[in-house]
Structures are given as C-alpha cells and as structure tokens.
Amino acid sequence: MTHPLRLGVNIDHVATVRNARGGLNPDPVRAAREALEAGADGITAHLREDRRHISDADIDGLSALLREQARPLNLEMAVTQEMLAIALHHRPHAVCLVPEKREERTTEGGLDVVGGHNWITPFVGQLNEAGCRVSLFIGADPEQIHAAQRTGAAVVELHTGAFCDAVREGRVEDAQAELFALRDGATLAARLGLEVHAGHGIDYETVTAVAAIPEIAELNIGHFLIGEAIFVGLGPAIDRMRALMDAAREPAA
C-alpha cells in the first residue's frame, strides 16, 4: 500500500534494551519485521561510531530483511570514512547523514552543511554513485537548506526536536515559532527540488502539526514508538501513529 505520507520506523532503541544486558534479545531485526507488518513504509537505523545501540551485525540482518521484503532501509550515519565504507558495502536504499558527538545521548542538532560543504559534497557524490538516495539531517534554516541542495543530495530531513520539546514543555509561542520555521523550511526545500522528510522527538501529541505540512513526504519516528510498544505492543503503537498521520493529510470537510 502506498501512503500519502510515509512512515519510517527507527528501531535503534530495541538494540538499546538488548545491549543493557547483552545477549540477543530483544532482536532489532524482529522489531523491523513486525514494524513492516504493522504498516511502516521503511526502517531506519543509526549505526553510531561507538556502536552504543545498533551493531554491524544488526545492519547485516536488516539489510537482508529489507532486501527480502523489497522495502527501504534508511541508514543513518556520521560523515566519516568508516561509515562511508560500510554504506558502500551494503548500498542501502537511503543514507541519512547526521552530526554525531560521542558525549550526546541522542542527535542534538542538525548537520552544519554550510560549514562542512567542501567535505560533505564529495561524500554525497560517492553515495549517489553507489545508488544510495542521500538525505541530510538539518535544521529548518534557509542557509542550510540552500547548502544541502548544492551538495547534490536528493533529500533533506528537517530536525523537529525543538518544536516537539517546546510543545511538551508548554512553551506555546516557541512551539508556534518552530512550527512556522518548519513550514517555511519545507516550502523552500521543495521549491529547490529536494524531497522533504522530518523527524526527531515526534510523538502522538506533536505528529499532527508536522504531518499536516504538505511538502513533507516522510516522517522518521523511533524512540517514542519503541517506548510506547512496552505498554501496548509495537503493532498498536504504529497503528495509532499511522492513523494520526493519515488524518492530518485528509482534506478539511
């Protein structure tokens, strides 16, 4: 089934739970299979340099599963030669380049494409030549969006974390300003010929406003869905998210 707004489910934090005790369970590949069965359009996984959650073996397993299912794997990774070699080996459908700091708990901001343009551009070029669809994870900043377009990347993924945090913390004016910035950024990116994705921090409370931005083609959601799955199961958690996304795209009566 083709959805008007795609949902990529990030299964990193299934691996986080597994790694807390070691061993094999819970298995991120099993989670990916169940997410696809529940209505996810693709699977996202971030192979961090420190391997704090997803492992190289997980990427091997996920690559095999997604090929079997003829569904897209979106490999999130830092802009390093080690990660480039891994991506060129596996040749996933999509590669999302993200900033990465070893001390952070999660990806805290967007990639600085303006400052890193000279080394990001050839990196994008090699991935393009390998047949990977390259996305840059950036803030909704016009300068970053223009710089992203100049790298040759096909996609930008707009960082929604500041909007989601403002909503959860009750900072109404900040949330409105962040949402306006996301809307303007999506409009600009689409005008420049980029496909627009969005992600980071999205939950049931914040998904409707983001999903309603018409230029956005895909949302990537992970931590919240894995946490919700503890209480209701992964399938029902994805079902509800999918329903909220679809409702946000329904024309007003």
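**Group meeting: a tour of the barrel and its surroundings**

At 0% relative accessibility, T160 counts as buried, and I should like to begin with this residue. Please bear in mind throughout that we are looking at a predicted model. T160 sits in the loop that joins strand 6 to helix 7, the latter spanning residues 161-168. Leaving aside residues up to four places away in sequence, T160 is in contact with L182, A198, G199, H200, I202 and V210.

One of those contacts, A198, leads us into the sheet. A198 stands opposite L219 in strand 8. Strand 7, residues 195-199, and strand 8, residues 216-221, are paired in the parallel sense, and four bridges connect them. Another pair across these two strands is V196, whose bridge partner in strand 8 is I216.

What larger arrangement do the strands form? They make a closed barrel of eight strands in the order 1-2-3-4-5-6-7-8, and the pairing is parallel. On average, neighbouring strands of this sheet are turned by 25° against each other, direction ignored. As a general reminder, strands of a sheet pair through backbone hydrogen bonds, either parallel or antiparallel.

Let us now look at strand 8 from its other side. Strand 8 also pairs with strand 1, in the parallel sense and over four bridges. Here V9 stands opposite I221 of strand 8. How many residues of strand 8 are buried? Six of its six residues are, so strand 8 is largely enclosed by the rest of the structure.

Just ahead of strand 1, which covers residues 6-10, we find L5 in the preceding segment. Is L5 buried or exposed? L5 has a relative accessible area of 0%, and it is therefore buried. Not counting residues up to four places away in sequence, L5 touches D41, A211, I216, A217, E218, L219, R242, M245 and R249. I216 and L219 in that list have already appeared, as the partners of V196 and A198 respectively. The C-alpha atoms of L5 and A212 are separated by 9.6 Å, although their positions lie 207 residues apart along the chain, counted as the sequence separation.

I turn next to strand 5, residues 133-138. This strand is mostly covered, with five of its six residues buried. On one side, strand 5 pairs with strand 4, residues 94-97, in the parallel sense over four bridges. In that pairing, A94 stands opposite R133 of strand 5. Strand 5 also pairs with strand 6, residues 155-159, again in the parallel sense and over four bridges. There I138 stands opposite L158 of strand 6.

The loop leading from helix 5 into strand 5 contains G131. With a relative accessible area of 58%, G131 is exposed. G131 and R91 are 40 residues apart in sequence, and their C-alpha atoms are 7.0 Å apart in space.

Helix 5 itself brings us to the helices. In general, two packed helices are described by the angle between their axes and the distance between the axes. For helix 5, residues 117-129, and helix 6, residues 142-151, the axes come within 9 Å and cross at roughly 45°. The two helices are therefore oblique to each other. Helix 5 contributes H117, I120, T121 and V124 to the contact, while helix 6 contributes A147, R150 and T151. By character, the residues of this contact divide into three nonpolar, three polar and one charged.

Finally, I come to helix 3, residues 56-69. Its 14 residues reach 20 Å from the first C-alpha to the last, close to the 20 Å expected at 1.5 Å a residue. Which residues of helix 3 are buried? They are D58, I59, L62, S63, L65 and L66. These buried residues pack against three helices and two strands: helix 1 (12-21), helix 2 (28-37), helix 4 (81-90), strand 2 (42-46) and strand 3 (73-77). After helix 3 comes A70, which has a positive phi, near 55°.

To close, I return to the two 0% residues: T160, in the loop after strand 6, and L5, in the segment before strand 1. Both the T160 contacts and the L5 contacts are there to be traced in the model. Thank you.

Note on methods. Residues numbered from 1 in each chain as written. Predicted model: local features only at pLDDT ≥ 70, side-chain atom pairs only at ≥ 80, totals over all residues. Heavy atoms only, no water. Expected span 1.5 Å × (residues − 1). Buried < 20%, exposed > 50% of the residue type's maximum accessible area, 1.4 Å probe, protein only. Contact = heavy atoms within 4.5 Å. Axes fitted to C-alpha atoms, helices over the stretch in contact; angles between N-to-C directions. Parallel < 35°, antiparallel > 145°, perpendicular 65-115°, else oblique. Nonpolar A, V, L, I, M, F, W, Y, C, P; charged D, E, K, R; others polar. Pairing = 2+ DSSP bridges.
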